[in-house]
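The following note comments on one protein model, point by point. Please read it with the structure open and locate each element as it is mentioned.

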Amino acid sequence: MKFRNLVDTKIAFRKYLLLFFLTILIPTIALLSLQIYNKYQDSILRTDEISEAVLKSVARNLELMLEQIEQMTLQTSMSPNVLELLTRPHDLPAYRYAEVKDQLGTWINSNSLFESIYLDIRQNAKVLTVQEGLYDRERFYDKTFLMEVAELPSEFPRSWAGVRQQPGGSGKEVLSFVRPVPITERIALGYLIVNIDKTRFMNMLMNMNSQMSGQLIVGDPGNHLVSSSVDGIDIQKVFSKIKPGIEYTDVVELDGVRYKLNGFKSVTNHWTLLEVMPVNPYMQALSGAIQQAIIILAIVILLGVGLSYLFASILYNPWKHLATKLQGYVKQNTEDNGDAYEVVNRAIHNLIAKIRQNEPIVRDHVVYDWLHHQYPDDLYTPAQAFADAGIHFVSPHHAVLVVVDENRQDREKANGDTLFLFSLAEDELFTRFKAAGTMIDNGKFAFILNFDRNAFDDELMADLEDACRSIQQKAHTRLKADLGFFVSGIQPLSHLSEAFEQVKRAIAYKAFLPQSAVYFVEESNESGQFQYPAGYQKKMINLILAGDRDKVEQYMTELFAQYLQSRDAPYPKLLQMIMILMSQILGALAQEGYDIEPLIDQVDLFQLQQCQNQQELKRMLLLQIGQIMDYLFMVGKQTEDSNPLVSQALAYMEEHYASNLSISEIAAHIGVSPSHLSRIFKVQVGKSPIEYLTELRVSASKTLLKDKGKSLQQISELIGYNDAQTFIRTFKKTEGMTPGEYRKKVINHS
């Protein structure tokens, strides 16, 4: 018995150990490999960045040295003595040649880089050197180089720089810098040649860049080697690959050692720089990363094996107890060998198979896609599409039924009820009709119903209504859910997507449908003629202002009977009618001087979407209109108590009508808002404050017009108008004649 337990434990251990390798070891190896690769790449990147920075620093220092040499030659070529010597060499005495020689000699004496300097004078075929003096060109020891310089092809004389053998046969190489002089002439009158010791030049360049870790190779503009070379590397071939302004990298192997080449060619002076650096730093970083990864991997393996063994021992006992309990319910298999895992695994598979046999199809993709017109027309016929999914309709006549969970927002955890409601409706419909269903969204699910007739008759409608009532009763009993049922007309399969869209439109405008257990949706005329009920609007506004609630309800009933219950008006037009009607009511109240801001929250037209039928829509509209009338009644009560405020306003206007008086100023004086003043003033006086103020001013002007000594401008200023034109226009509008005509009439009668 102990041996059998040990075998079982070993089986469990192997399974958990395998699981460990698959879930822990392999990701660990992948992560460590990624870490090694990243460290190697970081090492390469850092080394390349350092190399690139060093090359740029060397390039800047080289350019600085070349620029200094260029400035020296430019300064010399621009010297008046040199220019005079080039342009009039036959006219100058010997001491003038000596002056130029001494001037050139100062550069050699001041800088140990300069090997020799001489000036080739083209007009008299002479060469002036610093060390030896004046030569005939034909007898000059470096005449071959001078001839090569003079023959350089160019439209304009140009400077030249490069490595060459030092004249005299010593075998020593020098850097020569040649500048045609003077620089202002199209044809060179001479050439200034500066020879620099190549070794000293490289030593100075290396001293300026002591931070280099590799060997520096320098090439002149002609790709001639200025520095020392590296054995085994074809420098000329490498130089030919380096293009101006483009960084060059390569890896070569010499005597079993790999080297990294980083090159750069200047765009301005065309000198080439190449750094040769061994790849050892990369390999050192890679080796360190590998050693660290091996240590981590060993630790993970040791811990993993120990934990696997521990978990196998702990977790196997519950499986064993469960297998013991299932032995009587699961058929024995000779291949199990008493393994608890095999027993439990077979029991679970049997259970899953049983569940699948009884599992309802929650979301049939064929039904969903067909209703939403998401199917390949060129591949499937309607019957084939459903037959491939195991749905076989026996008749070509179909209708779409959409079930809506109306009060799901009012119930807690309603999202979890949708699956139950779908299954409830599916079971009831499947017992009565051939059907296929699918979930939609937001508490809606749809069914394709298959009938044996091409139109609804009383019998079929009664059967369907009975099925829907049964579904509603069960849903309300179990979940307190209220369901709405919307059915399209009977159509062939190929037109079901249009029927589904028709049902969705009906659901969107359900507030305009009559109350019914099942809504049989009829095809609506969205573009039909519609005449807005302007007469009903005017009557209802007057009744609301008069406070006659019974009449308002009577006209609302007539409005619904004429426009909603007739089913002739398009749904969008009905929605627009309701929106305009309520907006016009609020607008009329605003024109009457009422402050409608307190009504904005009460008159919420978005509540229309929550109405389930015409009856609820009518109740909602009457409720909101009742709230408006309650508000008007409250304002009227407040107005009755406002007589002292109106008296104060009248007294203030009679006292200050001669000034430029405004409603805001009057309201501020008595301590109310302008809108409130206008409302209570009109209720008590029968006219607005502006109308009363105008009449007051016109009445005062009549008395003043009897005085012939006062002009119209004087009278207008005395009664509160800024100019006579405003006074004349207001007087004529009120009295039907101008002030002048009124004055003549009064004087003639007197």
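**Notes on the predicted model**

1. The bridge partner of F114 is I196, a residue of β6. This pair belongs to a longer contact: strand β1 (residues 114-121) and strand β6 (residues 190-197) run antiparallel and are joined by seven bridges. The reader should keep in mind that the model is a predicted one.

2. The two strands just named are part of an open sheet of six strands, arranged in the order β3-β2-β1-β6-β5-β4 with antiparallel pairing. At the edges stand β3 (134-136) and β4, and each has a single partner strand, so one side of each is left without a neighbour in the sheet. On average, neighbouring strands of this sheet are turned by 25° against each other, direction ignored. As general background, the strands of a sheet pair through backbone hydrogen bonds, and the pairing is either parallel or antiparallel.

3. Two loops that join strands of this region deserve a closer look. A125 is located in the loop between β1 and β2 (126-129). Its phi is near 55°, which is a positive value in a residue other than glycine. The loop between β5 and β6 contains P182. The peptide bond that leads from V181 to P182 is cis, and its omega is near -10°.

4. A separate description is needed for the open sheet of four strands, which has the order β7-β10-β9-β8 and antiparallel pairing. Its edge strands are β7 (215-219) and β8 (248-254), each of which pairs on one side only. From one strand to the next, the twist averages 25°. Within this sheet, strand β9 (residues 257-265) pairs with strand β10 (residues 272-278) in the antiparallel sense over seven bridges. Which residue of β10 stands opposite L261? The residue is V276.

5. The helices may be considered next. Two packed helices are described by the angle between their axes and the distance between the axes. For helix α2 (residues 80-87) and helix α3 (residues 94-110), the axes come within 10 Å and cross at roughly 135°. The two helices α2 and α3 are therefore oblique to each other. The crossing in which α2 passes α3 is left-handed.

6. Helix α14 (residues 534-546) and helix α15 (residues 549-564) have axes that come within 9 Å and cross at roughly 160°. Angles over 145 degrees count as roughly antiparallel, and α14 and α15 are therefore roughly antiparallel to each other. Their crossing is left-handed.

7. Helix α15 also packs with helix α16 (residues 571-591), at an angle of about 155° and with the axes 12 Å apart. How are α15 and α16 oriented to each other? They are therefore described as roughly antiparallel. In this case, α15 passes α16 in a right-handed crossing, whereas the crossing of α14 and α15 is left-handed.

8. The final point concerns empty space. Rolling a probe the size of a water molecule over the atoms shows where such space is left. The second largest pocket of the model has a volume of about 480 Å³. Its lining is made up of 23 residues, and those nearest its centre are E70, A161, P221, N269 and W271. The elements that give two or more residues to this lining are α1 (2-77), β4 (160-165) and β5 (173-181). Which of the elements gives the largest share of the lining? That element is α1, with six residues. By character, the lining residues of the second largest pocket divide into nine nonpolar, eight polar and six charged.

Note on methods: Residues are numbered from 1 along each chain as its sequence is written. This is a predicted model: local features need pLDDT of at least 70, side-chain atom pairs count only at pLDDT 80 or more; totals for chains, interfaces and linings use all residues. Side-chain values use heavy atoms; hydrogens and water are left out. On a 1 Å grid over the protein atoms alone, a cavity is a set of points where a 1.4 Å probe fits but cannot get out, and a pocket is an open set with protein on both sides within 12 Å along at least five of seven lines; lining residues have an atom within 4 Å of a point. Grid points are joined across faces, edges and corners, and a volume is the space filled by probe spheres set on the points. Ala, Val, Leu, Ile, Met, Phe, Trp, Tyr, Cys and Pro count as nonpolar, Asp, Glu, Lys and Arg as charged, and the others, Gly among them, as polar. Two strands pair if DSSP finds at least two bridges between them. Axes are lines fitted to C-alpha atoms, for helices over the stretch in contact, and angles run from 0 to 180 degrees between N-to-C directions. Angles under 35 degrees count as roughly parallel, over 145 as roughly antiparallel, 65 to 115 as roughly perpendicular and the rest as oblique. A crossing is left-handed if the near helix is turned anticlockwise from the far one by less than a right angle, and right-handed if clockwise.
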